[in-house]
Amino acid sequence: MLSKKIETALNEQIAKEAYASNHYLAMASWCEKEGLRHSAAFHYTQSEEETQHMRKLLHYVNAAGGHGLVSEVKEPPNDFKSIFEIFELALEHEIKVTKSINSLVDLCLKEKDYSTFNFLQWYVSEQHEEEKLFNSILDLTRITGTDPRGVFFFDSEISKLRAEEANEK
Ligand code: OFO
């Protein structure tokens, strides 16, 4: 059985995952209209993954005797200066999510909720992978450069990175 404190904190995380999903959706849409099809596909997949993260939390809260809540999602940024800015913002965002998951883990230890602590370990690993992925993408921007040819090359490399990530999982 979840304590009210943990239930509230998990519901706050549900709202954050919903925001993350829309955040990536806006990035995907911007990439698509700019003709960056691999980056668009990458962010559409990211958006779907964030929706799954949200649902996983909802199911857990409900299964643990609480009530998983769906709340209003604020509008994410829709305009970006470049594909590179998008990936910088994505990494910044993932670092924030990692901090939020870590605070939840801390709270579980304080409240002696070992079941939720255990459940959250999946998110701890996931955040490690996400940060690693975005760091490697930002490394790539340093290699390709930011002129139009570099952008084209960068976009085509993105699909390979996603495939490599899937193979490592
Ligand atoms: Fe990568 O954010 Fe969800 O957990």
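These exercises work through a helix pair and several salt bridges in a predicted model.

**Exercise 1. The angle between two helices**

Find how the axes of helix α1 and helix α4 are arranged: roughly parallel or roughly antiparallel?

Solution.
- Step 1. Locate the helices. Helix α1 covers residues 4–33, and helix α4 covers residues 114–144.
- Step 2. Take the geometry. The two axes come within 14 Å and cross at roughly 25 degrees.
- Step 3. Apply the cut-off. Angles under 35 degrees count as roughly parallel.
- Step 4. Conclude. The crossing angle therefore makes α1 roughly parallel to α4.
- Step 5. Add the hand. The crossing of α1 and α4 is left-handed.

**Exercise 2. The contact between α1 and α4**

State which residues of α1 and α4 meet, and sort them by class.

Solution.
- Step 1. List the α1 side. The residues are I6, L10, E17 and Y24.
- Step 2. List the α4 side. Here we find T116, L120, Y123 and F134.
- Step 3. Sort them. The contact has 6 nonpolar residues, 1 polar and 1 charged.

**Exercise 3. A salt bridge between helices**

Describe the salt bridge of K5 with E111, and decide for each residue whether it is exposed or partly exposed.

Solution.
- Step 1. Check the distance. The closest N and O atoms of K5 and E111 are 3.6 Å apart. The limit for a salt bridge is 4 Å.
- Step 2. Place the partners. K5 lies in helix α1, while E111 lies in helix α3, residues 83–111. The two are 106 residues apart, so the pair links distant parts of the chain.
- Step 3. Classify K5. Exposed means over 50%. K5 has a relative accessible area of 52%, so K5 is exposed.
- Step 4. Classify E111. Its relative accessible area is 33%, so E111 is partly exposed.

**Exercise 4. Two more salt bridges**

The whole structure holds 7 salt bridges. Compare the pair E34 and K33 with the pair K132 and E129.

Solution.
- Step 1. Take E34 and K33. Their closest N and O atoms are 2.7 Å apart.
- Step 2. Classify both. E34 is partly exposed at 41%. K33 is exposed at 56%.
- Step 3. Take K132 and E129. Their side chains meet at 3.6 Å, N to O.
- Step 4. Explain the spacing. K132 and E129 are 3 residues apart in helix α4, so about one helical turn separates them.
- Step 5. Classify both. K132 is partly exposed at 41%. E129 is partly exposed at 24%.

Definitions and conventions: Residues numbered from 1 in each chain as written. Predicted model: local features only at pLDDT ≥ 70, side-chain atom pairs only at ≥ 80, totals over all residues. Heavy atoms only, no water. Axes fitted to C-alpha atoms, helices over the stretch in contact; angles between N-to-C directions. Helix = DSSP H or I, 4+ residues; strand = E, 2+ residues; numbered from the N terminus. Parallel < 35°, antiparallel > 145°, perpendicular 65-115°, else oblique. Left-handed = near helix turned anticlockwise from the far one by under 90°. Contact = heavy atoms within 4.5 Å. Nonpolar A, V, L, I, M, F, W, Y, C, P; charged D, E, K, R; others polar. Buried < 20%, exposed > 50% of the residue type's maximum accessible area, 1.4 Å probe, protein only.
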